[in-house]
Amino acid sequence: MSQGSATPLVGVLAMQGAYREHLRALEAVGARTRLVRTREDLQDLDGLVIPGGESTTMQILLERMGLLEAVRQAVLGGLPSLGTCAGMILLASRITDGRAGQRGFGALDIAVRRNGYGRQVDSFEAELDVAGLEGGSFPGVFIRAPMVEDAGSAEVLASHDGRPVAVRQGNVMALAFHPELSSDLRLHREFLKLVRGRKEKSAA
């Protein structure tokens, strides 16, 4: 098997947010990467990252590009996915303060509130204990972060002030914070493990 086919290909949705920082982090932990801006860009991906931004704007852009249903179906079809900040909102099944017509993909059985931690001026950093993550606490960067009001049946990986801020359900992970804005690559490495596991299982 060639190195190219053995190395997972992870797409990063390039509508808004720090998608280039996600690209750099993924490449640093050993993934091949691709910016996703069209339906064709979803072809042959082993994983997908949905970065931060403004969730309603991102949904509008996805609809305008004809990508919303394609991304939804890819995620619900089992494509390992990581959503950060606004990406968490898009992956959720319930948005408690969503605008008219706004709905998540339903990939995570969670209820989220947009900007639950306040406006941009209320941004903060917090040391987080992430389940299963070796090497001590993780530096969580919160910027207009969504608040998980109900984790439902999702596994809670980390909490802050009693609220879940990192969850996982099956092949889908979501973080209320921005790991790509820290210099810590451990969560991108954990996501790549998830991607590799699914890729190996599909190849078996």
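Two strands pair if DSSP finds at least two bridges between them. Helices (H or I, at least four residues) and strands (E, at least two) are DSSP runs, numbered from the N terminus. The model is predicted: local features need pLDDT of at least 70, side-chain atom pairs count only at pLDDT 80 or more, and totals for chains, interfaces and linings use all residues. Residues are numbered from 1 along each chain as its sequence is written, and side-chain values use heavy atoms, with hydrogens and water left out.

**Exercise 1. Determine which strands pair with β1, and in which sense.**

Step 1. β1 pairs with β2 in the parallel sense over 5 bridges; in β2, Arg32 is the bridge partner of Leu9.

Step 2. β1 also runs parallel to β3, joined to it by 3 bridges; here Val12 has Val49 of β3 as its bridge partner.

Step 3. β1, α2 and β2 form a right-handed β-α-β unit. A crossover is right-handed if, with the strands pointing away from the viewer, the path from the first strand over the helix to the second runs clockwise.

**Exercise 2. Establish whether the faces of β1 are covered or open.**

Step 1. Buried means under 20% relative accessible area, exposed over 50%, and partly exposed in between (1.4 Å probe, protein chains only).

Step 2. In a regular strand the side chains alternate between the two faces of the sheet.

Step 3. Leu9, Gly11 and Leu13 are buried on one side of β1, and Val10 and Val12 are buried on the other, so both faces are covered.

Step 4. Since 5 of the 5 residues of β1 are buried, this strand is largely enclosed by the rest of the structure.

**Exercise 3. Give the strand order of the open sheet and identify its edges.**

Step 1. The 7 strands follow the order β2-β1-β3-β4-β12-β11-β10, with mixed pairing.

Step 2. β2 (32-36) and β10 (155-160) each have a single partner strand, so they stand at the edges and one side of each lacks a neighbour in the sheet.

Step 3. On average, neighbouring strands of this sheet are turned by 20° against each other, direction ignored. Axes are lines fitted to C-alpha atoms, for helices over the stretch in contact, and angles run from 0 to 180 degrees between N-to-C directions.

Step 4. Within the sheet, β3 (residues 47-50) pairs with β4 (residues 81-84) in the parallel sense over 3 bridges, and Val49 stands opposite Leu82 in β4.

Step 5. Helix α4 (residues 68-76) packs on the sheet and touches β1, β3, β4 and β12, its direction making about 125° with that of β3. Contact means heavy atoms within 4.5 Å.

**Exercise 4. Compare the expected span of α6 with its end-to-end distance.**

Step 1. The expected span is 1.5 Å times one less than the number of residues.

Step 2. For the 18 residues of α6 (residues 186-203) this gives 26 Å, and the end C-alpha atoms are 26 Å apart, which agrees.

Step 3. Among the buried residues of α6 are Phe191 and Leu192.

**Exercise 5. Locate the partners of the salt bridge between Lys199 and Asp46.**

Step 1. A salt bridge is a side-chain nitrogen of Lys or Arg within 4 Å of a carboxyl oxygen of Asp or Glu; the side chains of Lys199 and Asp46 meet at 3.5 Å, N to O.

Step 2. Lys199 lies in helix α6 and Asp46 in the loop between β2 and β3, 153 residues apart.

Step 3. Lys199 is partly exposed at 24% relative accessibility, whereas Asp46 is buried at 16%.
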